[in-house]
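Me: I would like to learn how to read strand pairing, crossovers and burial in a model. Please take me through one.

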Amino acid sequence: MSPTDPDVLLGPADIRELAARLGVRPTKQRGQNFVIDANTVRRIVRTAEVRPEDVVVEVGPGLGSLTLALLEAADRVTAVEIDDVLAAALPTTVAARLPHRADHFALVHSDALRVTELPGPAPTALVANLPYNVAVPVLLHMLGRFPTIERTLVMVQSEVADRLAAAPGSKVYGVPSVKAAWYAHVKRAGAIGRNVFWPAPNVDSGLVSLIRRDEPPRTTATRDEVFAVVDAAFAQRRKTLRAALAGWAGSAKAAEEALTAAGVSPQARGESLTVEDFATIAEHRPPPTPR
């Protein structure tokens with residue numbers, strides 16, 4: 001594929017003109033901040049290592065800044081957009097700016113958290129500027145629902161990027177860190193300034209790279225059973241696991257027994273455990289006490 005034609009991508013003037021024509025104002029309710037810098041869009045596509053054979057799914061395409069660059073680099077792009085006006089306008093923007101690639105683009109007008117299937121070939125990559133207010137739930141839903149997604153690069157609030165990429169022992173290690181690690185090897189992939197957005201957010205942004213694991217942690221427990229332990233452990237993160245998992249196990253004593261059987265200290269805290277540790281604990285959940 002040839003390098004992205006500068007005339008194809010949307011610049012600041014293009015974004016504002018398009019938004020004005022559509023009567024669009026970015027809303028905080030939906031966490032909308034549109035990327036207006038073509039160099040940032042190119043950088044995202046480059047960092048995502050999008051390949052000519054990739055089928056990319058993009059969540060929250062907005063006015064199409066990133067969509068156009070992805071469409072030039074990948075085989076196909078499927079964009080998931082919840083906003084009625086933006087969803088209606090995006091195919092027109094694609095057809096006007098990349099007419100020879102329009103038949104490689106699909107639009108799904110839906111809430112990404114409710115998407116259970118996508119048109120066309122199975123996606124191989126997820127690349128998105130995720131709406132900040134739902135970034136983690138959307139990311140985890142897409143990774144869980146579409147196991148063919150091998151590579152992911154998302155732009156999220158910097159603080160969220162830190163949490164997703166955090167390792168055990170870190171102060172920001174928590175539920176997003178562990179659940180993301182269930183699916184993928186996660187790392188920070190760069191920082192993004194505020195001035196590349198319209199409107200400029202009052203927080204910094206960061207890129208997060210997730211490379212799908214060859215297989216989830218080996219365990220006899222299901223993903224939901226493991227995630228239930230994770231949720232319980234961090235619901236009261238300052239408490240020891242013996243106390244934090246009392247509700248999950250049925251009592252503090254039962255939690256201690258399960259933890260000991262799993263080879264985990266009952267005095268430990270969730271922030272010190274790996275996803276494999278949580279999986280082992282889930283395997284030792286005591287049976288419910290008959291009433």
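Reply: What follows takes one strand and two annotated residues in turn. This is a predicted model, where local features need pLDDT of at least 70, side-chain atom pairs count only at pLDDT 80 or more, and totals for chains, interfaces and linings use all residues. Residues are numbered from 1 along each chain as its sequence is written, and side-chain values use heavy atoms, leaving out hydrogens and water.

Me: With which strand does S2 pair, and in what sense?

Reply: Strands are DSSP E runs of at least two residues and helices are H or I runs of at least four, numbered from the N terminus; two strands pair if DSSP finds at least two bridges between them. Here S2 (residues 55–59) pairs with S3 in the parallel sense over five bridges, and Val-59 stands opposite Val-80. Between S2 and S3 the chain passes through helix H3 (residues 65–73) in a right-handed β-α-β crossover, that is, clockwise from first strand over helix to second with the strands pointing away from the viewer.

Me: Why does Glu-81 count as buried?

Reply: Buried means under 20% relative accessible area, exposed over 50%, and partly exposed in between (1.4 Å probe, protein chains only). Glu-81 counts as buried because its relative accessibility is 4%. Glu-81 lies in S3, a strand with five of its six residues buried.

Me: Which residues does the "binding site" annotation cover?

Reply: UniProt positions use the numbering here, with feature names shortened, and annotations may be inferred rather than shown by experiment. The unreviewed UniProt entry lists Asn-33, Val-35, Gly-60, Glu-81, Asp-111 and Asn-129.
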